[in-house]
Amino acid sequence: MKRDDESRLRLARRGLCFVPDLSKFSMLRCAYLNNNKIREICRTSFTCCLAELCLQNNYITSISGALRHLSCLRVLLLHNNQIKCLDETVAELRNMQDLHTLSLYLNPFTQDPQYRQYVLHHLPSVQLLDRKEVKFGERRQAFKTFNTERQRVLDSIAFGRRALPPPAGRKEINKNPSSQRGTRCTERPSGIRPTPHSIVQVRVMNWSGSGVAQWNPVKSKPAIDILTVKPR
């Protein structure tokens with residue numbers, strides 16, 4: 001074993017078929033196990049304080065149950081292996097809140113056309129996936145693809161509030177002026193009394209004399225008043 005210091009361990013290109021027990025290295029932060037013949041990983045192989053793990057270019061078929069305790073992991077390289085199940089792989093990494101760099105390309109599950117969006121949606125902390133920086137647009141698209149119900153709720157919110165339908169018993173008013181031409185609104189909310197209207201009737205006056213104005217209510221229509229102006 002070659003140790004640069006107490007925090008780094010280099011075991012690349014050693015022909016290893018399994019991961020040795022590294023849990024005794026309590027200060028270990030970076031482990032380089034790439035370019036070997038490793039097929040399986042044991043949970044007890046790594047300390048939970050590990051921050052960088054390189055396992056690329058091996059023959060690993062699954063990481064299920066082996067890495068989820070690595071809550072401090074920031075860099076994980078697993079490309080060019082034989083991992084087939086995307087769901088199990090992502091589930092194993094979901095507890096890694098600090099995972100910043102992830103490399104999974106050249107594994108069988110990466111043939112799925114939605115592979116990248118799936119990973120970005122379930123692992124929001126990842127900023128560099130398969131040597132490619134994660135863009136805001138593709139993360140948003142991943143959210144729309146794999147969280148359709150929550151996106152539907154967000155789309156129904158206007159100006160920070162939910163856009164609710166009009167209360168029962170009221171008719172929603174069309175605010176488009178062009179659609180209201182030639183129409184007259186006959187709907188009136190319940191509980192509101194009608195506003196009384198008056199009609200003014202004016203007769204032609206003889207301006208040589210003086211005029212007298214008087215109110216003559218129309219008996220047949222008590223709700224309407226007619227103002228009649230008669231010349232003296």
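Visitor: Before looking at particular residues, what does buried mean here?

Guide: Buried means under 20% relative accessible area, exposed over 50%, and partly exposed in between, with a 1.4 Å probe and protein chains only. This is a predicted model, in which local features need pLDDT of at least 70 and side-chain atom pairs count only at pLDDT 80 or more, while totals for chains, interfaces and linings use all residues. Residues are numbered from 1 along each chain as its sequence is written, and side-chain values use heavy atoms, leaving out hydrogens and water. F109 is buried, and Y115 is buried too.

Visitor: How many aromatic pairs are there?

Guide: A pair of aromatic rings is described by the distance of the centres and the angle of the planes. Rings of Phe, Tyr and Trp (its six-membered ring) pair if their centres lie within 6.5 Å, and planes under 30 degrees apart count as stacked, over 60 as edge-to-face and the rest as tilted. The count comes to 1 aromatic pair. F109 and Y115 form this tilted pair, with 5.8 Å centre to centre and 45° between the planes.

Visitor: Why is helix α2 described as largely enclosed?

Guide: Helices (H or I, at least four residues) and strands (E, at least two) are DSSP runs, numbered from the N terminus. In α2, residues 115-122, 6 of the 8 residues are buried, so the helix is largely enclosed by the rest of the structure. The buried residues are Y115, R116, Y118, V119, L120 and H122, and they pack against α1 (86-93), β6 (101-103), β7 (128-129), β8 (132-133) and α3 (136-146), where contact means heavy atoms within 4.5 Å.
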